[in-house]
Amino acid sequence: YAILSHRWGEEVTFKEMIGLMKMETRKKDEVRKCYGYQKIIKSCEQALKDGYKWLWIDTCCIDKRSSSELPEAINSMYRWYQNAQVCYAYLSDVDELAVLAERDYRKFGQSSSWPEWFMRGWTLQELITPKQVEFFNQDWTHIGSKRLLAPTLEVITGIPREVLRDGLVSKRLSVAQIMSWAARRKTTRVEDRAYSLMGLFGVNMPMVYGEGKKAFQRLQLEIIRVSSDHSIFAW
């Protein structure tokens, strides 16, 4: 299967997707005009073109109304991206035919001068974990693979190109190193700064939205339980 990595905007939910067939025409047309729906269609077209029967997209494949499904999905996310044959990284604010290794404060001023996808918390594991990542610009034009763009991606993210090409097992890494890659990244919910790192450190823990910064403290405790790396205390 293929899997999508993207910056959330106006998205189509699980409830809307399963209800499309039963919706009245006006409501159905509203959903289909939605920016997120077009993203789903374009992703599916790309997956079919590449020979895949299945595509997984977080916005419409997780029933966030379910108190059991959401925590299970978050704890499984790393594995799902790891097992995907290909990950499509959609850069909604890039209109060029390349990812440039130069800061652009005029164009990307709200995301530290880089395309916003590179500054989000969840996209860190979505960049590192899949074996193959293919990048697309806002028009769904292919602009390169993770392997090909590794030198440029290293400049943008600080992640060594060996890790980008061969994964976390390619290099002996400290906890502090991995934490440093996430330091400038942002999440909508403060708890997700911790939850988005669980897979990279090989730990699991219950989701408690509303706990705020305590989530990061719990993450540190879980890492300490499975690792003797004292560099964690730098964070």
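Biologist: Why is the pairing of E116 with R7 called a salt bridge?

Modeller: A salt bridge needs a side-chain nitrogen of Lys or Arg within 4 Å of a carboxyl oxygen of Asp or Glu. For E116 and R7 the closest N and O atoms are 3.0 Å apart, so the pair fits that rule. Keep in mind that this is a predicted model, where local features need pLDDT of at least 70, side-chain atom pairs count only at pLDDT 80 or more, and totals for chains, interfaces and linings use all residues. Residues are numbered from 1 along each chain as its sequence is written, and side-chain values use heavy atoms, with hydrogens and water left out.

Biologist: What makes E116 and R7 a pair that ties together parts apart in sequence?

Modeller: E116 sits in the loop between β3 (86-90) and α6 (123-128), and R7 in the loop between β1 (2-6) and α1 (14-19), so the pair joins parts 109 residues apart in sequence. Helices (H or I, at least four residues) and strands (E, at least two) are DSSP runs, numbered from the N terminus.

Biologist: Why does E222 count as buried?

Modeller: Buried means under 20% relative accessible area, exposed over 50%, and partly exposed in between (1.4 Å probe, protein chains only). E222 has 19%, so buried is the right word. Its salt-bridge partner, R225, has 63%, so R225 is exposed.

Biologist: How do you know that R26 and E30 form a salt bridge?

Modeller: Their closest N and O atoms are 2.9 Å apart, so they meet the cut-off. Both lie in helix α2 (residues 25-33), four residues apart, and E24 joins them in a network of salt bridges.
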